[in-house]
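Open the model in your viewer and get ready to click along. We'll go stop by stop, and each stop tells you what to select and what you'll find there.

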Amino acid sequence: MSTHRDTHRVPERGTALRTIGSRERRSHLTAPRVPTVGIDIGGTKVMAGVVDADGVILEKVRAETPDKSKSPKVVEDTIVELVLDLSDRHDVHAVGIGAAGWVDADRSRVLFAPHLAWRNEPLRDSLQGRLAVPVMVDNDANTAAWAEWRFGAGRGEDHLVMITLGTGIGGAILEDGRVKRGKYGVAGEFGHMQVVPGGHRCPCGNRGCWEQYSSGNALVREARELAAADSPVAYNIIERVKGNIPDITGPLITELAREGDAMCVELLQDIGQWLGVGIANLAAALDPSCFVIGGGVSAADDLLIGPARDAFRRHLTGRGYRPEARIAKAQLGPEAGMVGAADLARLVARRFRRANRRRVERYERYERYAQAFRNGGAGRTTRARSRSTTQEPES
């Protein structure tokens, strides 16, 4: 397993991992200010970082899973190795995991992960047994939204919706400082709202899903189709990839758009307009005060978000007669999921610390009682022996 380490600030060597805890503390305001580890799991790599109570990354490491393996055991082994590596230099109190997939309402099992072989995988219990610290598992969009609400673009917002634009579209909902996960834990799958009946086929099995029109995959698909058709507007990008159409990627399209390539600018505008349509639908259903746009595609900045704001205003129900939600680009970048996972794990650490303190207090009470019993027993034995030696023997 190849590993890359990025140290932001290395403190003095800390103690090793401690003992298991459970349950979650709901209020971040009363969570202990202790370092925790956040894990962001992708299809081929795992990123882990130690994060303090202010959202500062103290150290970050990442690794590729061997041979790009996607088996649950290999990914679990990779997570354990990274956490143990970090715990050699930091006093780790809990571990939070952001996984791309459906996580149950108890945040213990990964019900389904599109890029990994996780099907009803008991990830939390498996890792707790190996790491000996409390572990929290959540959807990666939920952890990213939590990070942006705590430390990024969503600070101060009571009702926030996050939309993550990557190969597909993920999302999360926060109300009054709590992630709304739904009855079964799988809320926020905005990418599979159907916006075009009978439209493009989606890997989920349906047609016309939102992410087929406003995502990294949609952006690349449109560019490759134009290039494959040898369209005159695609000559610049064809020349850039030397005719190898599979080399057309989202970052390349964004780069050319910034350089003024008309086709790439137009493609980002199209993606942005569909983004605005979906946001307007979400505003009608959820009425948040802020939408935070994250994920890799958001790197296009106003080339994408500008058209999204325009389309949002055009399609918003009751436009002109209602307050408009703010649309902001995420501030924490690709590390948001890792930072949010670590911060959510800090809530679990409070209950762990309380339980551990109670265990220590019980042990100390037991030791005091046992010592008193031993002392008292020894005193009684001494007095009994003293009495037996002073009595006159019977004649």
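Before selecting anything, know how the elements are named: helices (H or I, at least four residues) and strands (E, at least two) are DSSP runs, numbered from the N terminus. This is a predicted model, where local features need pLDDT of at least 70, side-chain atom pairs count only at pLDDT 80 or more, and totals for chains, interfaces and linings use all residues. Residues are numbered from 1 along each chain as its sequence is written, and side-chain values use heavy atoms, with hydrogens and water left out.

**The whole chain**

Start zoomed out. The protein chain has 9 helices and 14 strands. Of its 395 residues, 48% count as buried; buried means under 20% relative accessible area, exposed over 50%, and partly exposed in between (1.4 Å probe, protein chains only). Now think about contacts, meaning heavy atoms within 4.5 Å. Among contacts between residues at least 6 apart in sequence, 68% join residues at least 24 apart.

**Helix 4 and what follows**

Select residues 216–228, which are helix 4. Its 13 residues reach 18 Å from the first C-alpha to the last, close to the 18 Å expected at 1.5 Å a residue. That expected span is 1.5 Å times one less than the number of residues. Color G216, A218, L219, V220, R221, A223 and A227: these residues of helix 4 are buried. What covers them includes helix 5, helix 6 and helix 7.

Just after helix 4, click D230, which takes a positive phi of about 55°. D230 is a residue other than glycine, and its place is the loop between helix 4 and helix 5 (235–240). Is D230 buried or exposed? With 46% relative accessibility, D230 counts as partly exposed.

**Another positive phi**

Jump to A132. Phi here is near 60°, again a positive value in a residue other than glycine. You'll find A132 in the loop between helix 2 (123–131) and strand 9 (135–139). A132 has a relative accessible area of 27%, so it is partly exposed.

**Helix 6 against helix 7**

Select residues 250–258 for helix 6 and 262–286 for helix 7. The two pack at an angle of about 115°, with their axes 7 Å apart. Axes here are lines fitted to C-alpha atoms, for helices over the stretch in contact, and angles run from 0 to 180 degrees between N-to-C directions. The crossing is left-handed; that is the name if the near helix is turned anticlockwise from the far one by less than a right angle, while clockwise is right-handed.

Show the side chains where they touch: I253, T254, L256 and A257 in helix 6 meet C264, V265 and L268 in helix 7. By class, this contact has 6 nonpolar residues, 1 polar and no charged ones. For the classes, Ala, Val, Leu, Ile, Met, Phe, Trp, Tyr, Cys and Pro count as nonpolar, Asp, Glu, Lys and Arg as charged, and the others, Gly among them, as polar.

**Helix 7 against helix 8**

Keep helix 7 and add helix 8, residues 302–315. They pack at an angle of about 45°, with axes 7 Å apart. Helix 7 and helix 8 are therefore oblique to each other (under 35 degrees counts as roughly parallel, over 145 as roughly antiparallel, 65 to 115 as roughly perpendicular, and the rest as oblique). This crossing is right-handed. On the helix 7 side, the contact includes L268, Q269, I271 and G272, and on the helix 8 side L303, L304 and P307 are among the residues. The contact divides into 13 nonpolar, 5 polar and 1 charged.

**Helix 3 and D343**

Select residues 140–151, helix 3. How many of its 12 residues are buried? The count is 11, among them W146, R150 and F151.

Those three names come back at D343, found in helix 9 (residues 336–390). Leaving aside neighbours within four places in sequence, D343 is in contact with T36, A53, W146, R150 and F151. D343 is buried, with a relative accessible area of 1%. Try a distance, too: the C-alpha atoms of D343 and D52 are separated by 8.1 Å, although these residues are 291 apart along the chain.

**Last stop**

Finish at A63 in strand 4 (residues 57–64). A63 counts as buried, at 2% relative accessibility. Its C-alpha atom and that of K45 are separated by 5.6 Å, with their positions 18 residues apart along the chain.
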